[in-house]
Amino acid sequence: MLKRSVLLLVFIVLLLAAAVAANTLRQRSRQLDVAAAPPVKVDEHAVAETLAGAVRFRTIAERDNADANADEFRKLHEWLAERFPRVHAALKLEKVGNFSLLYTWQGSDPQAKPFALLAHQDVVPIAPGTEPQWKVPPFSGEVKDGFVWGRGAWDDKGNLVSQLAAVEQLLAEGFKPRQTIYLAYGEDEEINGARGAAAIAKLLQKRGVRLDFVIDEGLVVTEGILAGLEQPAALIGVAEKGYVSVVLTATGRPGHSSFPPAPGSSSIGMLSTALRRIDTHPFPASISGVGREMFETLAPEMGGMSRVALSNLWLFGPLVRAQLEKSPSTDAVLRTTTALTIVSAGNKDNVIPGKAQATINFRMLPGDSIHDVVQHVRDEAGPGFEIGTLAGASEASPVSSTQSTAYQLVERTVRSLFPGTIVAPGLMIAGTDARLYQPVADQVFRFSPVRAKPEDLSRFHGTNERISTANLAELVRFYHQLIRNASLERPSP
């Protein structure tokens with residue numbers, strides 16, 4: 001009997017192994033076979049100097065003051081007009097809101113659906129006390145050691161300058177686009193884009209404009225970030241997580257600290273207990289949706305056990321999920337995240353406050369909603385709390401199709417310019433202006449071909465932000481080729 005059981009177990013193991021091996025080998029590459037694009041000469045030095053000049057303008061937007069740093073925005077506009085004379089002569093330029101820019105490059109075919117290239121002019125401020133940690137002053141706009149340094153070099157003036165440089169070069173070459181192209185540059189992306197991108201999108205909607213696609217900042221060309229993948233991976237953001245901050249308020253009996261209420265019944269005690277429950281009971285993680293499509297696209301390009309595991313999520317899914325949950329960056333792709341960000345209560349050491357309040361920030365996966373988040377907080381906190389949400393919340397975006405001709409246009413362009421780079425869909429876990437164009441665009445993508453290694457990730461919104469001059473030239477080539485490719489006749493999706 002024991003021998004029969006052992007033989008049965010061996011048979012099951014061998015059957016599973018055979019199924020795993022067969023399924024792994026059956027997973028074929030999903031990468032498009034694309035010929036290399038013809039070389040485009042870019043004046044790397046000139047583009048770097050232009051970006052360096054743009055970085056010097058302290059275009060920091062403030063939520064409560066639309067005119068903050070107005071002179072800096074205006075000087076940036078003058079700088080762009082000086083550096084890109086053909087663009088400003090051939091394209092129609094409109095000022096939207098206070099400082100947002102909308103360029104229109106009229107196409108030759110009025111029946112062809114237009115598209116838009118997006119970027120933003122504003123930058124995040126420098127964290128107080130971190131200035132001495134910068135290798136160069138953050139607004140000096142220095143070109144040094146093969147990099148353009150400074151706040152905005154990566155996020156997002158690099159995209160803005162490279163898009164204008166690509167159009168300037170195409171105009172010099174005599175190129176005329178088939179479809180109308182919009183260049184849309186908001187003024188306040190870092191504070192939710194209400195005055196900039198939202199206003200531009202509403203203007204286009206009012207005019208009846210329907211865009212084939214938009215492409216904005218977002219995911220990048222990763223190098224050495226994804227375990228098991230030797231090649232660079234260009235992740236094209238096809239969706240964006242939602243955003244909501246929930247305010248949880250507990251009310252208790254105020255009084256003197258010499259005769260406190262029963263344990264756990266003070267406003268701080270009640271709030272602390274609720275926050276612990278919310279913090280330790282996050283939304284469930286799963287390898288699904290955009291995350292699953294990303295891993296399944298990458299799996300055939302990987303080696304060793306990474307390929308085996310990702311090709312057989314039906315068996316190894318729980319193990320893969322447990323591994324991904326260990327890293328905050330990959331865990332964020334699997335779930336709606338919970339972050340305790342603000343706690344406030346009391347103003348004197350010997351007075352028990354009557355009110356304690358906390359703010360909890362959630363980034364929602366597509367499929368989860370603001371309503372789901374509020375209900376989750378209510379369920380975990382229990383009765384007796386006041387629950388509200390802060391302004392600026394947004395639902396998770398729709399998911400753009402990887403089967404659309406627009407996605408394949410971006411993929412073909414990347415593959416033609418970055419040989420050996422793997423292209424896969426991805427989920428943008430932070431916020432961009434792109435979400436505000438959903439009402440006027442068929443497809444919305446969040447990608448720029450910025451090369452990023454593990455050590456570069458902390459530079460985003462951090463200290464020593466920079467972009468290499470060689471990579472900046474690649475951005476120019478990318479937008480140059482994307483515009484050319486888009487003008488080729490393409491069948492409707």
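Author: One definition before we start: a crossing is right-handed if the near helix is turned clockwise from the far one by less than a right angle, and left-handed if anticlockwise. Keep in mind too that this is a predicted model.

Reader: Got it. So which hand does the crossing of helix 5 and helix 14 have?

Author: Helix 5 covers residues 157–172 and helix 14 covers residues 469–486, and their axes lie 8 Å apart. They pack at an angle of about 55 degrees, which is under the 65 where roughly perpendicular begins and not under the 35 needed for roughly parallel. The two helices are therefore oblique to each other. As for the hand, helix 5 passes helix 14 in a crossing that is right-handed.

Reader: And who's touching whom there? How many residues of that contact are charged?

Author: On the helix 5 side you'll find Gly 158, Ser 162, Ala 166 and Leu 170, among others, and they meet a helix 14 set including Leu 472, Tyr 479, His 480 and Arg 484. Sorted by class, the contact has 9 nonpolar and 6 polar residues, and the charged count is 1.

Reader: Let's hop to helix 2 and helix 3. How do they run relative to each other?

Author: Helix 2 spans residues 44–55, helix 3 spans residues 70–83, and their axes come within 10 Å. They cross at roughly 165 degrees, and angles over 145 are what we call roughly antiparallel. So helix 2 and helix 3 are roughly antiparallel.

Reader: Which residues of helix 3 make that contact?

Author: This crossing is right-handed. Helix 2 brings Ala 46, Glu 49, Thr 50, Gly 53 and Ala 54, and from helix 3 come Leu 76, Trp 79 and Arg 83.

Reader: Now the sheets. In the one ordered 4-5-17, which strands are at the edges?

Author: That one is an open sheet of 3 strands with antiparallel pairing. The edge strands each pair on one side only, and they are strand 4 (143–144) and strand 17 (466–468).

Reader: What's the bridge partner of Lys 144 in strand 5?

Author: Strand 4 and strand 5 (residues 147–149) run antiparallel and are joined by 2 bridges. For Lys 144, the partner in strand 5 is Phe 147.

Reader: Which strands of this sheet does helix 2 touch?

Author: Helix 2 packs on the sheet with its direction at about 10 degrees to that of strand 5. Helix 14 lies across the three strands too, at about 75 degrees to strand 17. The strands that helix 2 touches are strand 4, strand 5 and strand 17.

Reader: And the sheet ordered 11-13-9-14: which strands have a single partner there?

Author: It's an open sheet of 4 strands, paired antiparallel. The edge strands each have one side without a neighbour in the sheet, because each has a single partner; they are strand 11 (337–345) and strand 14 (385–389).

Reader: By how much are neighbouring strands turned against each other?

Author: Ignoring direction and taking the average over this sheet, the turn is 20 degrees.

Reader: What is the bridge partner of Leu 248 in strand 14?

Author: Strand 9 (residues 242–251) pairs with strand 14 in the antiparallel sense over 5 bridges. In strand 14, Leu 248 has as its bridge partner Ile 387.

Reader: Zooming out, what's the radius of gyration of the protein chain?

Author: The chain has 14 helices and 17 strands. For 493 residues the globule rule gives 23 Å, and the chain's value is close to that, so it is as compact as a globular protein of that length; its radius of gyration is 26 Å.

Note on methods. Residues are numbered from 1 along each chain as its sequence is written. This is a predicted model: local features need pLDDT of at least 70, side-chain atom pairs count only at pLDDT 80 or more; totals for chains, interfaces and linings use all residues. Side-chain values use heavy atoms; hydrogens and water are left out. Axes are lines fitted to C-alpha atoms, for helices over the stretch in contact, and angles run from 0 to 180 degrees between N-to-C directions. Angles under 35 degrees count as roughly parallel, over 145 as roughly antiparallel, 65 to 115 as roughly perpendicular and the rest as oblique. Contact means heavy atoms within 4.5 Å. Two strands pair if DSSP finds at least two bridges between them. The radius of gyration is taken over C-alpha atoms; the globule rule is 2.2 Å times the number of residues to the power 0.38. Ala, Val, Leu, Ile, Met, Phe, Trp, Tyr, Cys and Pro count as nonpolar, Asp, Glu, Lys and Arg as charged, and the others, Gly among them, as polar.
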